[in-house]
Amino acid sequence: MKMMMMMKVMMMVMVMVMVMVMVSEGSIIEQTCKETQDFNLCVSLLNSDPRGSSADTSGLALILIDKIKGLTTKTLNEINGLYKKRPELKRALDECSRRYKTILNADVPEAIEAISKGVPKFGEDGVIDAGVEASVCEGGFKGKSPLTSLTKSMQKISNVTRAIVRMLL
């Protein structure tokens, strides 16, 4: 009888410890995201990645850099589709394609390497440049850009990522 009672108590303690760990993990993301300009976007992006719950600040920055990479790939695919649908935009699309390829092939790798090696200043440079490249792309359209939504998303993600990278400085 005593053994059963002790097992129940031990189980309750284990459950309480697990709950405390889960609350603690969630608070790492929330605490970090409170220091960004867009708390809700930050929490949403980091909670959507299973690595987020166990990551430190560097890990959170790397997750967001992966989000920049994913959005860049999505935008390049959109640009490629627009060549067929909107041939009159070829010049602006060419410029955007170059800009987004720069993000994918230079800015993202620079940021990943810098964060991974503990040199966050260079990581910040890559993240900032991703937002700048997206803005320059957007500005290349005469009139309404078909990429405005994706550009705004890139700018927001870049700003959130930059805030987290700055915590590493």
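Contact here means heavy atoms within 4.5 Å. On that basis, 68% of the contacts in the protein chain with a separation of 6 or more come from residues 24 or more positions apart. The model is a predicted one, where local features need pLDDT of at least 70, side-chain atom pairs count only at pLDDT 80 or more, and totals for chains, interfaces and linings use all residues. Residues are numbered from 1 along each chain as its sequence is written, and side-chain values use heavy atoms, with hydrogens and water left out.

As for the overall layout, the protein chain has six helices and zero strands, running α-α-α-α-α-α from the N terminus on. Both element types are DSSP runs numbered from the N terminus, with helices being H or I over at least four residues and strands being E over at least two. Of the 169 residues, 36% count as buried; buried is under 20% relative accessible area, exposed is over 50%, and partly exposed is in between, with a 1.4 Å probe and protein chains only. The accessible surface adds up to about 10,100 Å², and carbon and sulfur atoms hold 62% of that. These areas come from the Shrake-Rupley method with a 1.4 Å probe, and for residues only the protein chains shown count as cover.

Next comes helix 6. Its 19 residues should span 27 Å at 1.5 Å a residue, and the end C-alpha atoms are indeed 27 Å apart, which agrees; the expected span is 1.5 Å times one less than the number of residues. Buried residues of helix 6 include T148, L150, M154, I157, V160 and I164.

Two packed helices are described by the angle between their axes and the distance between the axes. Helix 2 (residues 39-47) packs against helix 6 (residues 148-166) at an angle of about 85°, and the axes are 10 Å apart. That makes helix 2 roughly perpendicular to helix 6. The axes are lines fitted to C-alpha atoms, for helices over the stretch in contact, and angles run from 0 to 180 degrees between N-to-C directions. Under 35 degrees counts as roughly parallel, over 145 as roughly antiparallel, 65 to 115 as roughly perpendicular, and the rest as oblique. Helix 2 brings L41, C42, L45 and L46 to the contact, while helix 6 brings K156, I157, V160 and I164. By class, that is seven nonpolar, no polar and one charged residues (nonpolar: Ala, Val, Leu, Ile, Met, Phe, Trp, Tyr, Cys and Pro; charged: Asp, Glu, Lys and Arg; polar: the others, Gly among them).

Just past this helix, M167 sits in the segment after helix 6 and is partly exposed, at a relative accessible area of 32%. Leaving out residues up to four places away in sequence, M167 touches T32, E35 and T57. M167 and T36 are 131 residues apart in sequence, yet 10.0 Å apart in space, C-alpha to C-alpha.

Helix 3 (residues 57-85) holds G59, which is buried at 17% relative accessible area. G59 and I115 are 56 residues apart in sequence and 8.7 Å apart in space, C-alpha to C-alpha. K69 is also found in helix 3, but is partly exposed at 40%; not counting residues up to four places away in sequence, K69 touches L104 and V108. Y83, another residue of helix 3, counts as partly exposed at 25% relative accessibility. With the same neighbours in sequence left out, Y83 touches K90, L93, D94 and S97.
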